[in-house]
Amino acid sequence: MFWKNKICWITGASSGIGEALAQKLYDAGARVIVSARSENKLKSLCSSWEDRERWYILPLDVADHDNLASAAADALKHWGRIDALINNAGVSQRSLAADTDFSVMKNIMDINYLGSAGLAREVLPSMIEQGSGIIAPVSSVAGKFSTPLRTTYSASKMALQGFYDGLRAEVHDKGIQVNFIVPGFVRTNISINAMDGKGGKHGEMDPNQESGISPENAALIIMKGIEKNKLEITMGIAPKVRLALFLSRNFPGILARMLRTAEVK
Ligand SMILES: NC(=O)c1ccc[n+]([C@@H]2O[C@H](COP(=O)([O-])OP(=O)(O)OC[C@H]3O[C@@H](n4cnc5c(N)ncnc54)[C@H](OP(=O)(O)O)[C@@H]3O)[C@@H](O)[C@H]2O)c1
């Protein structure tokens, strides 16, 4: 019942977690706006959705910051409001800091941090006016502690934590909830699509992702977490990640020593 007729805008809906979430939200009766760069993949996702009144395809590159305002205006115009913005679009990294072009660092920040925060900023005024709204950014455990080969990815997700923790406090009295989503390992193409140091695709499936939870399961956990208005919604946290999270909070020196020799793919 919670999701019935809710207008949900999902970025990164052409693949993985975002695609599964769009599907599950549609199944739950929501009205769904799907965004990503790959319009064809969005079309193929929606092709089996029979209720033409409950979906809208809005192609969007979240790194094209000059276009965020008009994309938000387009999304708002379609049904007159947005109840939930799920800022899921993201790209990972597989390169040592010293081997990563500055343009790649900037691109990852542009997508993962500024694309998310920028879109939230565009949607906020309408949510404030309507006195309600859900903003759910998808971060990562890499936003809690950093590892080799993920320096900029981790920084982009930590930036999300800073932005959305502050935002949550700002909008609490305005009826807007902020649910921070923290996946561990989910079986998607995130590692295949990850950028190498020159901006090309890493092209390999990581064993961690391969053995992760399904995106469908992740989508259901996210939906339940938002329904319960959980501050942070975690999923797919493998035991070694759970240990690292504990160490990062309580014994950062031990984690720092372990990371020097940790086998990170
Ligand atoms: N899978 C995991 O284990 C895991 C773990 C931690 C965090 N996450 C986070 O979960 C989110 C979803 O990732 P995923 O695992 O589902 O990976 P994925 O299958 O690679 O999906 C990434 C999605 O982001 C979209 N995207 C990438 N760059 C974009 C851009 N510039 N503008 C608009 N959309 C863009 C992609 O669509 P287009 O290429 O069509 O634009 C795709 O729909 C990401 O934020 C990721 O950091 C995933």
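A: Let's start with the vocabulary: helices (H or I, at least four residues) and strands (E, at least two) are DSSP runs, numbered from the N terminus. Residue numbers start from 1 along each chain as its sequence is written. Keep in mind that this is a predicted model, so local features need pLDDT of at least 70 and side-chain atom pairs count only at pLDDT 80 or more, while totals for chains, interfaces and linings use all residues.

Q: Okay, the ligand then. How many residues surround it, and which are the closest?

A: A residue is in the shell if its C-beta atom, placed from the backbone, lies within 6 Å of the molecule. Here 33 residues surround the ligand, with Gly12, Gly16, Arg37, Ser38 and Gly90 the closest.

Q: Which helix gives the most to that shell?

A: That's H1, with three residues. Helix H1 (16-27) and helix H6 (190-193) each supply at least two.

Q: Is H1 mostly covered or exposed?

A: Count neighbours: 20 or more other C-beta atoms within 10 Å means buried, 12 or fewer exposed, anything in between partly exposed. In H1, eleven of the twelve residues are buried, among them Gly16, Glu19, Lys24 and Tyr26.

Q: What span should H1 have?

A: Take 1.5 Å times one less than the number of residues. For the twelve residues of H1 that gives 16 Å, and the end C-alpha atoms sit 17 Å apart, which agrees. Just after H1, glycine 29 adopts a positive phi of about 95 degrees.

Q: Which residues other than glycine have a positive phi?

A: Leucine 149 is one, with phi about 75 degrees; asparagine 229 is another, with phi near 50 degrees. Both sit in loops: leucine 149 between strand S5 (133-137) and helix H5 (151-171), asparagine 229 between helix H8 (215-227) and strand S8 (232-235).

Q: Where do their surroundings put them, buried or exposed?

A: Leucine 149 is buried because 21 other C-beta atoms lie within 10 Å. Asparagine 229 has 10 C-beta neighbours inside 10 Å, so that residue counts as exposed.

Q: What about the sheet: in what order do the strands come?

A: Two strands pair if DSSP finds at least two bridges between them. Six strands make an open sheet, ordered S3-S2-S1-S4-S5-S6, with parallel pairing. At the edges are strand S3 (55-57) and strand S6 (176-178), each pairing on one side only.

Q: How many bridges join S5 to S6?

A: Three, and the two strands run parallel. As one example, glycine 133 has isoleucine 176 in S6 as its bridge partner.
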